[in-house]
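Me: I am new to this structure and would like to learn how to read it. Could you walk me through a sheet and some ring pairs?

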Amino acid sequence: MFAASDAATVSISGDAATTEGATASYTVSVSDPIPSGETFTVDTALTDIDTTSADYAAFLTAVGTAAGANADWSLSGSTLTYTGTGAAPSDLSIDLGITDD
């Protein structure tokens with residue numbers, strides 16, 4: 001069982017700013033191995049920022065594409081879930097195309 005005292009740290013790193021028409025890249029990393037079969041979740045919901053609903057959809061599509069490329073990660077709605085294998089999780093790389101609108 002993955003107890004609270006066994007907490008892993010999730011970090012997100014990447015581009016703080018980019019220009020429209022370019023691609024912003026982000027990496028989700030987990031600090032420690034997660035026991036086999038145990039899960040943890042990351043809420044990827046965006047806060048109200050100066051953007052359009054199409055931009056929100058593009059973000060979730062990019063996260064879903066990244067999760068779909070790795071069998072241990074999945075996305076449902078805005079919840080990103082990692083299912084442990086007992087080994088250290090591989091980083092999740094997210095590439096978000098920035099629309100020039």
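Reply: Gladly! Keep in mind that this is a predicted model. Let us begin with a single pair of facing residues: Ser-25 stands opposite Asp-95 in S6.

Me: How many bridges join strand S2 to S6?

Reply: Six bridges do so, and the two strands run antiparallel; S2 covers residues 23-30.

Me: What is the order of the strands in the open sheet?

Reply: To read a sheet, follow its strands from one neighbour to the next. Here the order is S1-S2-S6, three strands with antiparallel pairing. The edges are formed by strand S1 (10-14) and strand S6 (92-97), each of which pairs on one side only. From one strand to the next, the twist averages 20°.

Me: Now the rings, please. How many aromatic pairs are there?

Reply: The count comes to three aromatic pairs. For a ring pair, look at the distance between centres and the angle between planes. Phe-40 and Tyr-82 have ring centres 5.6 Å apart and planes at 35°, so this pair is tilted. Planes under 30 degrees apart would count as stacked, and over 60 as edge-to-face.

Me: Which parts does the pair of Phe-40 and Tyr-82 tie together?

Reply: Phe-40 belongs to strand S3 (residues 39-43) and Tyr-82 to strand S5 (residues 79-83), so the pair links parts that are 42 residues apart in sequence.

Me: Are Phe-40 and Tyr-82 buried or exposed?

Reply: Both Phe-40 and Tyr-82 are buried. Together with Trp-73, Phe-40 and Tyr-82 make up one aromatic cluster.

Conventions:
Residues are numbered from 1 along each chain as its sequence is written. This is a predicted model: local features need pLDDT of at least 70, side-chain atom pairs count only at pLDDT 80 or more; totals for chains, interfaces and linings use all residues. Side-chain values use heavy atoms; hydrogens and water are left out. Two strands pair if DSSP finds at least two bridges between them. Helices (H or I, at least four residues) and strands (E, at least two) are DSSP runs, numbered from the N terminus. Axes are lines fitted to C-alpha atoms, for helices over the stretch in contact, and angles run from 0 to 180 degrees between N-to-C directions. Rings of Phe, Tyr and Trp (its six-membered ring) pair if their centres lie within 6.5 Å; planes under 30 degrees apart count as stacked, over 60 as edge-to-face and the rest as tilted. Buried means under 20% relative accessible area, exposed over 50%, partly exposed in between (1.4 Å probe, protein chains only).
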